[in-house]
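Me: I would like to go through the labels used for this model one at a time. Please set each value against its cut-off before you conclude.

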Amino acid sequence: MVSKTVDIGSVDDFEPGRPHRVEAGGRALMVVRRGGRFFALRDTCPHQGAPLSAGKVDGTALPCRPGQEISYGRLGEILTCPWHGWQFDLATGRALIEPERYRVRVYPVRVSGSRVIVQMS
């Protein structure tokens, strides 16, 4: 299998914490900037094909008692699908529920100078 790199834009093109849709190597990807790191996943939810780039990056609700304020963990690490709320780990693409069964393909990303580069395969 041939592997290639694709320049998907400037670091400044990506607002931190917000999913962005990009086309790279003929594929639709969802890219998120978190601090100095970038994550790229296929822009399709495995459940019913929703565009994950229309989703939200947040965290997971932590256990609490009824009536208590909800608090969150793993802030900025979880992508939530916009259609049915399925949640995926940005780093692995695995669903939080049944991670061995459901996942989104992830692509390695690096920054070279001020450019964001995705490794396609």
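**Labels and their cut-offs**

Me: Why does Arg-74 count as partly exposed?
Reply: Arg-74 has a relative accessibility of 36%. Buried means under 20% relative accessible area, exposed over 50%, and partly exposed in between (1.4 Å probe, protein chains only). The value for Arg-74 falls in between, so partly exposed is the label.

Me: What kind of model is this, and which atoms and residues count?
Reply: This is a predicted model, in which local features need pLDDT of at least 70 and side-chain atom pairs count only at pLDDT 80 or more, while totals for chains, interfaces and linings use all residues. Residues are numbered from 1 along each chain as its sequence is written, and side-chain values use heavy atoms, with hydrogens and water left out.

Me: What makes Arg-74 and Glu-77 a salt bridge?
Reply: Their closest N and O atoms are 2.8 Å apart. The rule asks for a side-chain nitrogen of Lys or Arg within 4 Å of a carboxyl oxygen of Asp or Glu, so the pair qualifies. Glu-77 is partly exposed, at 28% relative accessibility. By this rule the count comes to 7 salt bridges.

Me: How do you know that Arg-115 and Asp-7 form a salt bridge?
Reply: The closest N and O atoms of Arg-115 and Asp-7 are 2.9 Å apart, which is within the limit, so the pair is counted. This pair links distant parts of the chain: Arg-115 is in strand S10 and Asp-7 in strand S1, 108 residues apart. Strands are DSSP runs of E with at least two residues, numbered from the N terminus (helices are runs of H or I with at least four). Arg-115, with a relative accessible area of 33%, is partly exposed, and Asp-7, with 39%, is partly exposed as well.

Me: What makes Arg-21 and Asp-43 a salt bridge?
Reply: The N to O distance is 2.6 Å, and the limit is 4 Å, so the side chains of Arg-21 and Asp-43 meet the rule. Here too the pair links distant parts of the chain, with Arg-21 in strand S2 and Asp-43 in the loop between S4 and S5, 22 residues apart. Together with Glu-23, Arg-21 and Asp-43 are linked in a network of salt bridges.

Me: Is Asp-43 buried or exposed, and why?
Reply: Asp-43 has a relative accessible area of 2%, which is under the limit for buried, so it is buried. Its partner Arg-21, at 47%, counts as partly exposed.

Me: Why is the pair of Phe-14 and Phe-38 called edge-to-face?
Reply: The structure holds 2 aromatic pairs. In the pair of Phe-14 and Phe-38, the rings are 5.6 Å apart centre to centre, with 80° between the planes. Phe-14 is in the loop between strand S1 and S2, and Phe-38 is in strand S4, 24 residues apart. Rings of Phe, Tyr and Trp (its six-membered ring) pair if their centres lie within 6.5 Å; planes under 30 degrees apart count as stacked, over 60 as edge-to-face and the rest as tilted. Both tests are met, so the name holds. Phe-14 and Phe-38 are both buried.
The rings of Trp-86 and Tyr-102 also form an edge-to-face pair, because their centres are 4.9 Å apart and their planes are at 75°. Trp-86 lies in the loop between S6 and strand S7, and Tyr-102 in the loop between S7 and S8, so this pair ties together parts that are 16 residues apart in sequence.

Me: How do you know that S9 and S10 pair?
Reply: S9 and S10 pair in the antiparallel sense over 4 bridges. Two strands pair if DSSP finds at least two bridges between them, so the requirement is met. They form a hairpin with 2 residues between them, and Gly-113 in the turn has a positive phi of about 65°. Val-109 in S9 has Val-118 in S10 as its bridge partner.

Me: Which residues is Val-109 in contact with?
Reply: Leaving aside neighbours within four places in sequence, Val-109 is in contact (heavy atoms within 4.5 Å) with Phe-38, Phe-39, Ala-40, Val-116, Ile-117 and Val-118.

Me: Why is Leu-75 called exposed?
Reply: Leu-75, in strand S6, has a relative accessible area of 53%, which is over the limit for exposed, so the label follows.
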